[in-house]
Amino acid sequence: PIDLDYIYSSHCLEHLDDWIEAIRYWVSCLKKGGNIFLYLPHPDQKYWKPWNNRKHKHVLHPKDVVECLEKFGIINIKYSERDLNYSYIVVGEKSLNG
């Protein structure tokens with residue numbers, strides 16, 4: 001098994017066919033207490049919606065990403081509001097019980 005201290009992803013998930021499977025896999029690679037840091041395009045930016053930018057396959061809302069992370073054993077999750085780059089951050093840690 002892989003036991004990483006942290007996973008960092010910037011503007012990646014919206015390009016993947018199955019972003020949920022990517023999160024599941026990344027969490028499985030984290031050691032207990034490891035951190036995941038996601039930087040994602042904010043849904044307020046019209047250009048980043050898949051019908052405007054064909055490289056993007058998903059619109060990822062912060063609360064949906066949080067719910068997905070929780071499902072796979074991430075705790076102490078925090079997320080930001082939209083920043084000046086029309087992006088947001090979601091961070092959390094893998095449960096010591098997970």
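Select S9 to begin: at 4% relative accessibility, S9 counts as buried. You will find S9 in strand β1. Now show what surrounds S9. Leaving out residues up to four places away in sequence, S9 touches W26, F37, L38 and Y39. Keep in mind throughout that this is a predicted model.

**Zoom out to the whole fold**

Switch to a cartoon view and colour by secondary structure. The protein has 2 helices and 4 strands, and along the sequence they follow the pattern β-α-β-α-β-β. The radius of gyration is 13 Å, close to the 13 Å that the globule rule gives for 98 residues, so the protein is as compact as a globular protein of that length. If you want to set up a box, the C-alpha trace spans about 40 × 25 × 20 Å along its principal axes.

Next, colour by accessibility. Of the 98 residues, 40% count as buried. The accessible surface comes to about 6,100 Å², and carbon and sulfur atoms hold 52% of that surface. A contact map is also worth opening here: among contacts with a separation of 6 or more, 65% are between residues 24 or more positions apart.

For the charges, select the charged side chains by sign. There are 13 positive and 13 negative ones, and the centres of the two sets lie 3 Å apart.

**Into the nonpolar core**

In soluble globular proteins, nonpolar side chains tend to be buried together. To see this here, select L13, I23, I36, L38, V65, L69 and V90 and show them as sticks. These are the residues with the most contacts inside the largest nonpolar core, which has 20 residues. Which elements supply at least two residues of this core each? They are α1 (19–29), β2 (30–41), α2 (62–71), β3 (74–79) and β4 (87–94). Helix α1 gives the most to the core, with 5 residues.

Stay with L13 for a moment and show its contacts. Setting aside neighbours within four places in sequence, L13 is in contact with W19, A22, I23, W26, L38, L40, H58 and L60. Two of these names should look familiar: W26 and L38 are also among the residues that S9 touches.

**From β1 towards α1**

Now move to H11, in the loop between β1 (4–10) and α1. H11 counts as partly exposed, at 21% relative accessibility; the cut-off for buried is under 20%. Apart from residues up to four places away in sequence, H11 touches Y39, L40, P41, W48 and S87. Compare this list with the earlier ones: Y39 also touches S9, and L40 is also in contact with L13.

For a distance check, draw a line from H11 to V27. The two are 16 residues apart in sequence, and their C-alpha atoms are 17 Å apart in space.

**Along the loop between β2 and α2**

Two stops lie in this loop. The first is V59, in the loop between β2 and α2. Is V59 buried, partly exposed or exposed? At 28% relative accessibility, V59 counts as partly exposed. Without its neighbours within four places in sequence, V59 is in contact with P43, K49, P50 and W51. Then pick W48: its C-alpha atom is 7.9 Å from that of V59, and the two residues are 11 residues apart along the chain. W48 has already appeared on this tour, as one of the residues H11 touches.

The other stop is R54, also placed in the loop between β2 and α2. R54 is exposed, with a relative accessible area of 70%. Draw a line from R54 to E67: they are 13 residues apart in sequence and 26 Å apart in space, C-alpha to C-alpha.

**Two residues with positive phi**

Finish with a Ramachandran plot. Most residues other than glycine have a negative phi, and most peptide bonds are trans.

Select N76, which is found in strand β3. N76 is not a glycine, yet its phi is positive, about 50 degrees. N76 is partly exposed, with a relative accessible area of 48%.

Then select Y86, in the loop between β3 and β4. What is the phi of Y86? Phi of Y86 is near 55 degrees, again a positive value in a residue other than glycine. Y86 counts as partly exposed, at 31% relative accessibility.

Technical notes
Residues are numbered from 1 along each chain as its sequence is written. This is a predicted model: local features need pLDDT of at least 70, side-chain atom pairs count only at pLDDT 80 or more; totals for chains, interfaces and linings use all residues. Side-chain values use heavy atoms; hydrogens and water are left out. The radius of gyration is taken over C-alpha atoms; the globule rule is 2.2 Å times the number of residues to the power 0.38. Buried means under 20% relative accessible area, exposed over 50%, partly exposed in between (1.4 Å probe, protein chains only). Contact means heavy atoms within 4.5 Å. Accessible areas come from the Shrake-Rupley method with a 1.4 Å probe; for residues, only the protein chains shown count as cover. Lys and Arg count as positive and Asp and Glu as negative; His and the chain ends are not counted. The place of a charge is taken as NZ of Lys, CZ of Arg, CG of Asp or CD of Glu. A nonpolar core is a set of buried Ala, Val, Leu, Ile, Met, Phe, Trp, Tyr and Cys residues joined through side-chain atoms within 4.5 Å.
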